[in-house]
Each structure stands twice: as C-alpha cells, then as structure tokens.
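Good morning, colleagues. I should like to take you through one structure, beginning with its sheet and ending with how far the coordinates may be trusted.

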Amino acid sequence: MLQPAAIDGLAFARSAATLQGRLGLESLPRLAQSGCSASVLDFVLKGEINERGRPGLRLVVDGSVRLECQRCLDSLDLPLHLVAELQFAASDEEIGAADDDAERILAGREMSITALVEDEVLLALPMVPKHERCGAAMNVESGAQVSAFQALAALKKLNK
Ligand SMILES: [Zn+2]
C-alpha cells in the first residue's frame with residue numbers, strides 16, 4: 001500500500017482522514033537506538049476534532065517490540081498496545097501554558113507519520129525492561145512468586 005510519508009496536521013484533522021499501515025524496525029531508527037532489536041507495529045492514525053472542539057490526532061499502535069531484559073540480558077518480546085490522543089497546539093507557548101492533562105503537539109504542514117508513531121512508542125517503553133518472570137530472578141524472588149499466585153487464587157475465589 002502506497003501512502004504519504006507525512007500529513008498536513010490541521011487538514012488531516014479537519015477532514016477526519018484515516019491512515020493505517022505497518023512499520024518495521026528499519027523505518028524506526030530511534031527505536032533501534034533505544035535497544036529494540038525487532039519490532040512490528042501496526043498503526044491507525046485518524047484525524048479528529050476532539051470533545052473540546054479542538055483539532056487533533058488519534059493514534060492507535062498495536063504490535064510488539066523486542067528488547068533486552070536488563071536482569072538476564074536475554075531477549076524480551078514486549079507486546080504493545082497504545083492509544084494516544086494528541087491535541088494540536090499552535091505554538092510551544094500554548095503547550096507550556098496548558099493547564100489540563102491533554103497531550104499536545106505542534107500542528108505542522110508536514111508531520112512525519114513514522115516520527116509520530118515512534119514518539120508514542122518510545123514514551124510507552126519501560127525505562128528498565130525486564131521479564132515479568134525472569135529466569136535470573138526466579139530463585140531470589142520465589143517468595144514474591146508465591147504471593148503472586150496466592151493473590152491470583154484469591155481473585156479466582158472472588159469470581160466464583
Ligand atoms: Zn530476564
């Protein structure tokens with residue numbers, strides 16, 4: 001599927017346009033620099049006027065990235081699902097002065113789609129990636145494992 005590399009932000013929002021595609025690591029150099037050794041990311045980018053009446057983008061990313069577990073240094077496949085609502089701002093001052101928690105970005109005439117996806121994925125990556133059940137930690141943390149199972153058992157009882 002042929003698609004543009006960049007969008008005109010405000011026009012994209014006002015026309016409620018949609019773009020979707022798949023990005024591999026080869027198109028995401030900053031992700032590679034931050035320690036990812038593989039990734040497949042499907043994205044859907046939609047232009048919208050949000051509930052405040054402001055133009056913006058809604059970005060949904062699904063996929064996974066391969067990182068290195070910082071405990072055992074083995075590879076770690078991390079599934080990713082993220083939804084970002086980005087409200088357009090006209091200037092950096094507007095972004096700085098905003099007092100709500102809406103995520104804002106500068107509207108541009110040529111906004112790179114891969115950069116938008118990459119920014120959000122980088123924000124979603126853990127600072128210190130670790131296996132949820134890391135082989136290197138099993139012996140040390142067996143106590144914690146037991147209590148996690150007990151918590152699960154308790155939940156199952158509640159659901160019955
Ligand atoms: Zn590990």
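Let me begin with a definition: two strands are said to pair if DSSP finds at least two bridges between them. On that basis, strand E3, residues 38–49, and strand E4, residues 55–68, are joined by 12 bridges and run antiparallel. Please keep in mind throughout that what we are looking at is a predicted model.

First, an overview. The protein holds 5 helices and 7 strands. Read from the N terminus, the order of its elements is β-α-β-α-β-β-β-α-β-β-α-α. Of its 160 residues, 20% are buried. As for contacts between residues at least 6 apart in sequence, 60% of them link residues at least 24 apart.

Now to the sheet. In which order do its strands lie? The order is E2-E3-E4-E5-E6, an open sheet of 5 strands whose pairing is mixed. At the edges we find strand E2, residues 18–24, and strand E6, residues 103–106, each of which pairs on one side only. From one strand to the next, the twist averages 30°. Helix H4, residues 113–124, packs on this sheet and touches E2, E3, E4 and strand E5, residues 75–89. The direction of H4 makes about 60° with that of E4.

Let us go through the pairings in turn. E2 and E3 run antiparallel and are joined by 7 bridges; here Leu-19 stands opposite Leu-45 in E3. Across the pairing of E3 with E4, Asp-42 faces Asp-62 in E4, and Phe-43 stands opposite Val-61 in E4. The hairpin of E3 and E4 has 5 residues between the strands, and in this hairpin Gly-53 adopts a positive phi near 80°. E4 is in turn joined to E5 by 13 bridges, again in antiparallel fashion. Leu-67 has Leu-76 in E5 as its bridge partner. E4 and E5 also form a hairpin, with 6 residues between them, and Leu-73 in that turn has a positive phi of about 65°.

What fills the interior? The largest nonpolar core comprises 25 residues. Those with the most contacts inside this core are Leu-41, Phe-43, Leu-45, Leu-59, Val-61, Leu-116 and Val-117. At least two residues of the core come from each of H1, E3, E4, E5 and H4. E4 gives the most, with 5 residues. Which residues does Val-117 touch, if those up to four places away in sequence are not counted? Val-117 touches Leu-23, Leu-41, Phe-43, Leu-59 and Val-61.

I should now like to contrast two positions. Is Gly-47 buried or exposed? Gly-47, which is found in strand E3, counts as buried because it has 22 C-beta neighbours inside 10 Å, and the cut-off for burial is 20 or more. Residues up to four places away aside, Gly-47 touches Phe-12, Ala-13, Arg-14, Ser-15, Ala-16, Ala-17 and Leu-57. The C-alpha atoms of Gly-47 and Leu-10 are separated by 8.3 Å, although these residues are 37 apart along the chain.

The second position is Ile-105, in strand E6. Ile-105 counts as partly exposed because it has 17 C-beta neighbours inside 10 Å, and a residue is placed in that class when its count falls between the limit of 12 or fewer for exposed and that of 20 or more for buried. Leaving aside neighbours within four places in sequence, Ile-105 is in contact with Leu-86, Phe-88 and Ala-89. Its C-alpha atom is separated by 9.8 Å from that of Glu-94, 11 residues away along the chain.

Finally, a word on confidence. The mean pLDDT of the protein is 88, and 83% of its residues reach 70 or more. Which element has the lowest mean pLDDT, and which the highest? The lowest, 58, belongs to helix H5, residues 142–159, and the highest, 97, to helix H1, residues 9–14. Where pLDDT is low, the predicted coordinates should not be read in detail. Thank you for your attention.

Note on methods:
Residues numbered from 1 in each chain as written. Predicted model: local features only at pLDDT ≥ 70, side-chain atom pairs only at ≥ 80, totals over all residues. Helix = DSSP H or I, 4+ residues; strand = E, 2+ residues; numbered from the N terminus. Axes fitted to C-alpha atoms, helices over the stretch in contact; angles between N-to-C directions. Contact = placed C-beta atoms within 7 Å. pLDDT = per-residue confidence, 0-100. Core = buried A, V, L, I, M, F, W, Y, C linked by C-beta atoms within 7 Å.
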